[in-house]
Amino acid sequence: MSKFASFAEYPPRSLAGAEAALLTAWASLERFQGDLVLVGGLAVKYLTKQGGGLLPGPVTMDVDFGVTLAAEGGQYGTMADELAGQGFKRDEQGRYVRKFETMDVCIDFLTEHPTATTGTASVEGVTAGVFPGVTRALETRRKVTVKGRDLFGVTQKALVPVAGIGALLVLKLNAFAGRQQPKDAYDILLGVSRYADGPEAAIAAFHAEATASNRGYARAAETLRQHFSDSDQSGPLRCAAFALDGQTGLDDRPTRQRQIFEQMVTIGQVLLGKERT
C-alpha cells in the first residue's frame, strides 16, 4: 500500500524514498525523457513552496509519470527493461516497486488515449493507466532541478519535467472523482495555496485549461461542483481528515478543521469561477 488515509500514517522518510526512486529511474530513462512528465504528489512538492500554516506539507511514496502513448526508445530496450535493470520489480497491478530502507516505493505510469477514457494501455513494455488530461500535462511541463541520493546511495542531479499546475489540478480532480481519496483532496489544496508563483497564478492556470482542449477539464469542473463547493461535501471533509487525523498535540483541532474547510471551499469555488460571498 502506498496511499494512506492521513499524513500522520506516512513513514517519516517516505518523501525521500519517492525522490530517490525518481532519481534512480530518471538516470536510466534518458531515451524516453522527451515523452515523460512528472505528475502526482511528487509534482506537487516541486511546484509548491515550503511554509507553515494549516497543512504539514507535501508527502508521497509514489512516482507518477505521464507518458505519451506513442513513446518509443528504439532498439536498445524498453522502459520496462530499463527499470528492471535498476532493480524495480513489477507487481500484480503493473506498478514498479523497489525497496527504500524499510519501505516500498513505487513508480506508476499514466497515458492519454485518443478514444478511451479508462482502462490501461501498453507503452514501451509498461502498463499505463488511461487518464484524460495527460496530454496537457506533457504540453505544459516545466523543468525543475532535483538533487539528492538515488536508491543506490549515489548523489544525482537531474532536470525533471513537471506538469504545469493547471493540468496537474485537472488530473488530481479527475483522480478524486474516481476514488475520493483524502490525499487527492489534500494535494489540491496544497497545490493551490502554496503554489510557488502564488495561488492566483495556480487558479489562472486551471482556468486556462477550459479552453486548451484538455479532455479531463469537464470532469474536473463537475468534481469541483459536486465535491468541493460546500463545507459538508467530500473534498473539504476528506482534506481536513488527511491533514489532521493522527497528529499529536493539536489543542486547536476544531479551529484548524474549520479553517481547512473554509480554505478548501473558497478555492473550490474560485476554481469554478465563482467569488465566494
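**Figure 1. Burial and overall dimensions of the protein chain in a predicted model.** Of the 277 residues in the protein chain, 53% are buried, where buried means under 20% relative accessible area, exposed over 50%, and partly exposed in between (1.4 Å probe, protein chains only). The model is predicted, so that local features need pLDDT of at least 70 and side-chain atom pairs count only at pLDDT 80 or more, while totals for chains, interfaces and linings use all residues. Residues are numbered from 1 along each chain as its sequence is written, and side-chain values use heavy atoms, with hydrogens and water left out. The secondary structure comprises 10 helices and 9 strands, which are DSSP runs numbered from the N terminus (helices H or I, at least four residues; strands E, at least two). The radius of gyration of the protein chain is 18 Å, which agrees with the value near 19 Å for a compact globule of 277 residues; this radius is taken over C-alpha atoms, and the globule rule is 2.2 Å times the number of residues to the power 0.38. Along its principal axes the C-alpha trace spans about 60 × 45 × 35 Å. The accessible surface comes to about 12,100 Å², with 47% of it belonging to carbon and sulfur atoms, as computed by the Shrake-Rupley method with a 1.4 Å probe, for which, in the case of residues, only the protein chains shown count as cover. Among contacts (heavy atoms within 4.5 Å) between residues at least 6 apart in sequence, 71% join residues at least 24 apart.

**Figure 2. Strand S2 and its two partner strands.** Strand S2 (residues 62–67) is mostly covered, since 6 of its 6 residues are buried. In a regular strand the side chains alternate between the two faces of the sheet. In S2, Asp62, Asp64 and Gly66 point one way, whereas Val63, Phe65 and Val67 point the other way, and all are buried. Two strands are taken to pair if DSSP finds at least two bridges between them. Strand S1 (residues 36–39) runs antiparallel to S2 and is joined to it by 4 bridges, with Val39 standing opposite Asp64. Strand S5 (residues 103–111) runs parallel to S2 through 5 bridges, and here Phe65 stands opposite Phe109.

**Figure 3. The largest nonpolar core and the surroundings of Leu38.** The largest nonpolar core has 85 residues, and those with the most contacts inside it are Leu38, Phe65 and Phe109. Helix H5 (residues 165–179) gives the most to this core, with 8 residues. Such a core is a set of buried Ala, Val, Leu, Ile, Met, Phe, Trp, Tyr and Cys residues joined through side-chain atoms within 4.5 Å. Not counting residues up to four places away in sequence, Leu38 touches ten residues' worth of surroundings that include Leu22, Ala43, Tyr46, Val63, Phe65 and Val160.**Figure 4. Salt bridges around Asp184 and Asp187.** A salt bridge is a side-chain nitrogen of Lys or Arg within 4 Å of a carboxyl oxygen of Asp or Glu, and by this rule the count comes to 16. Lys172, Arg179, Lys183, Asp184 and Asp187 are linked in a network of salt bridges. Within this network Asp184 pairs with Arg179, the closest N and O atoms being 2.8 Å apart. Asp184 is buried, with a relative accessible area of 0%, whereas Arg179 is partly exposed, at 43%. Asp187 lies in helix H6 (residues 182–193) and is buried, with a relative accessible area of 2%. Leaving aside neighbours within four places in sequence, Asp187 is in contact with Gly41, Val44 and Lys172.

**Figure 5. Salt bridges of Arg215 and Arg225.** The side chains of Arg215 and Glu112 meet in a salt bridge with an N to O distance of 3.2 Å. Arg215 lies in the loop between helix H7 (199–208) and helix H8 (217–227) and Glu112 in the loop between S5 and strand S6 (120–123), so the pair ties together parts that are 103 residues apart in sequence. Arg215 counts as partly exposed at 38% relative accessibility, while Glu112 is buried, with a relative accessible area of 11%. Arg225 forms a salt bridge with Glu222, with the closest N and O atoms 3.2 Å apart, and both residues lie in helix H8, 3 residues apart, about one turn of the helix.

**Figure 6. The hairpin of strands S6 and S7.** S6 pairs with strand S7 (residues 126–130) in the antiparallel sense over 4 bridges, and Val123 stands opposite Val126 in S7. The two strands form a hairpin with 2 residues between them, and Glu124 in the turn has a positive phi of about 50°. The covered face of S6 carries Ala121 and Val123, and the uncovered one Thr120 and Ser122.
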